Amino acid sequence: MGSEYGTTSLEDVLGGFPKRLPENCVEYLLFIIDDKLEPRSLLSGLGNVRKAAMQLCDTIAKGYIWQRDSFQLCLERDQDLVYLHGTTDYGDSVEDEWLIVYLLRELSRVFPTLWVRIFDGDGEFLLVEAANVLPRWLSPEIDDNRAWIHNGSLRILPLAASSGAKRALSLIEAVHYIKSSPDTIVHSTFVETEAFYRLEKYPAQITNSIHHAQVTIPRKLAYILHQRPATIAPAVEAFYLRDPVASKPLASLSGNLHFPPKDLVTVSVKFTKVLFAQLKSQRFSSPPAWSTIFEDAGKQTPDVDYAGKRLARLEMGMKVTSGFEMLATNADKKDNRLAREFAMLLEDLEEDGAQVLPTDEDIQVWEGVHRDDDESWLDINFEDFENELQGNRGPRKGTGNGFGDSSAQADLQKIVSRFEAFLNDERAGIEGVEMEDMDEDDDISDEDKENSDDEDKEVSFDEEQFSRMMREMMGLPSVQATGTQHTPKHQIYTAAGDTAETDEDGDEDEDEDIRRLAAQMEAELNEHDALTIDPKDAKPEKTKAIETGGVPSSKGKEKSLLEHDDGENSEEEVDVDYNLAKNLLESFKSQAGMAGPAGNILGMMGLQLPRDEDDEGNS
């Protein structure tokens, strides 16, 4: 009807733009591709896959707490395609995303005709993980719909899927190519190993990502968490993302709170490490209703250690209770399934009254009620971190376990090794980083390339002119030629492409020039004691000139050239590139203790310069 009146809808206007996933979301598509399968059997086959997927999730991820959304699948029809589709918002927990990858990879091993595509807001993130070993032709501009999981392995659709053209594939093109040419699909073990590198720690990572901590909370809330442990996720998010409007109910002293700080009990609460870190890291002033509780808690016991633990549990309990209090204001209107379940459970509990709440004896028989996991994984020792970056993985003194856990160390070692390989890439030339053919300009014609080659051939190098320029740059007088002018020894890339010939007389003259130039440079350095090992032996005025970076006068230069003594003590000389050392130290000093190129380069070489304490004391 809109087109009938010459109007255009918003959907028509935006139809040409590619669909983008929201941030921190992962999307996955599951196809059954089998030429022998009849169309009427496809729906039942997809139903079996969905049922098996949910059972696998319940088995592998039993008791797992999802940050926001859980793994889910539904039937989808789009452009003559029928498949299973799911989208999960994983929030700040990247582990949720990789757990889904692990589930789908295991599911593809169960169904030989199953093909899975998974991507997030960054695109084909599996290919991003394997960027270091991808084939040259596969760039981010053309990788859409090319990465698939099949039979537990990663498959890549070649350029032939797009008729040899370097462009992105549509979903229909990718599915049709898998149906028509399954034997030509690329399977690289190198790419697969890199792409699935994070999956090596599964399924053990599912259990390792959980953290139990004892907190002091109202009995009413302890009952809800015992019934629905997963509701801790939306409550922590409500607390973590709070604003003044959401925090308004906590400032009330009228007693309208759902969870007033009364009848407090200490129980063990189940978190993921991400949720616990979010809660632990937040600075939060106690609401008015909790102020007297904290005052009394610090006076009840003279034991300092016990009082500290008690206050820590009370503080965490206050944060958990505040999160649930903020969640309760509009939980029934949220899209989160767990939030709605919490709202219904809270409503039933308030209708039934206190008689349904557990007694102290009931709480004592709860499984793991006294469990309190170690929090050392939160601590980062920056010395260990620096050692890991430098590749020093020797045993650390003391009883600590080092920086992070084994998986964190493996990830860090992998980053460092890739960076070192990048720096040591012998294929890189004077143009810098080689981007291969990812961003090549296809508009350069053959004629332009020929003209560029001709220009290169006309470039020539004159050693005599270069030597004269270097003398002028260093402030040295030009060397007067003795005798006839000789031909340079090397002449590279002349217009005719021939190398100039040299004779023995030319070689001798050139050697004499080099010796004369070296003697002049040595005299200049000795004039300023730059080659003196012990700075105490240097003359005060010369040392001051070096330290201040001052340039000596012209008289000093002439005097140093005329009064050069060949018999000077050679033991006081050292082969040091003074300018390089001076510039490197100045570059390091200009970093002011922060990261910079000089510090990074020295760190990669295993060198660590001390801080400039003298300047700090004088300033």
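User: Before we look at helix H5, what does buried mean here?

Analyst: In this predicted model, the term rests on relative accessible area, where a residue over 50% is called exposed and one in between is called partly exposed. A residue is called buried when that area is under 20%.

User: Which residues of helix H5 are buried?

Analyst: Helix H5 spans residues 171-180, and five names in it fall into the buried class. They cover an arc of only 160 degrees around the axis, which means that they sit on the same side of H5. The buried residues are Leu171, Ala174, Val175, Tyr177 and Ile178.

User: Which strands do the buried residues of H5 pack against?

Analyst: The buried residues lie on the same side of H5, as their arc of only 160 degrees shows. From there they pack against strand E1 (25-32), strand E3 (81-89), strand E4 (114-120) and strand E5 (147-150).

User: Which helix gives the largest share of the lining of the largest cavity?

Analyst: The search of the whole structure finds two cavities of 30 Å³ or more, and the largest holds about 50 Å³ of space. Its lining includes Leu250, Phe259, Trp290 and Glu325, and the elements that give two or more residues to this lining are helix H11 (288-297) and helix H12 (304-328). The largest share, three residues, comes from H12.

User: How many residues in the lining of the second largest cavity are nonpolar?

Analyst: This cavity, with about 30 Å³ of space, is lined by Tyr64, Glu95, Leu99, Tyr202, Gln205, Ile206 and Ser209. When these residues are divided by type, two are polar and one is charged, while the number of nonpolar residues is four.

User: How many residues apart are Glu237 and Arg68, whose side chains meet in a salt bridge?

Analyst: The closest approach of this pair, N to O, is 2.3 Å, and Arg68 is partly exposed, with a relative accessible area of 26%. Glu237 belongs to helix H9 (residues 232-240), whereas Arg68 is in the loop between helix H2 (39-60) and strand E2 (74-78). The pair therefore links distant parts of the chain, and the two residues are separated in sequence by 169 residues.

User: In the salt bridge between Asp360 and Arg219, is Arg219 buried or exposed?

Analyst: The side chains of Asp360 and Arg219 meet at 2.9 Å, N to O, and Asp360 lies in helix H14 while Arg219 lies in helix H8, so the pair ties together parts that are 141 residues apart in sequence. Asp360 counts as partly exposed because its relative accessibility is 41%. Arg219 has a relative accessible area of 11%, and as this is under 20%, Arg219 is buried.

Terms used: Residues numbered from 1 in each chain as written. Predicted model: local features only at pLDDT ≥ 70, side-chain atom pairs only at ≥ 80, totals over all residues. Heavy atoms only, no water. Buried < 20%, exposed > 50% of the residue type's maximum accessible area, 1.4 Å probe, protein only. Helix = DSSP H or I, 4+ residues; strand = E, 2+ residues; numbered from the N terminus. Arc of directions from axis to C-beta. Contact = heavy atoms within 4.5 Å. 1 Å grid on protein atoms, 1.4 Å probe; cavity = no way out; pocket = protein on both sides within 12 Å on 5 of 7 lines; lining within 4 Å. Points joined across faces, edges and corners; volume = space filled by probe spheres on them. Nonpolar A, V, L, I, M, F, W, Y, C, P; charged D, E, K, R; others polar. Salt bridge = Lys/Arg side-chain N within 4 Å of Asp/Glu carboxyl O.
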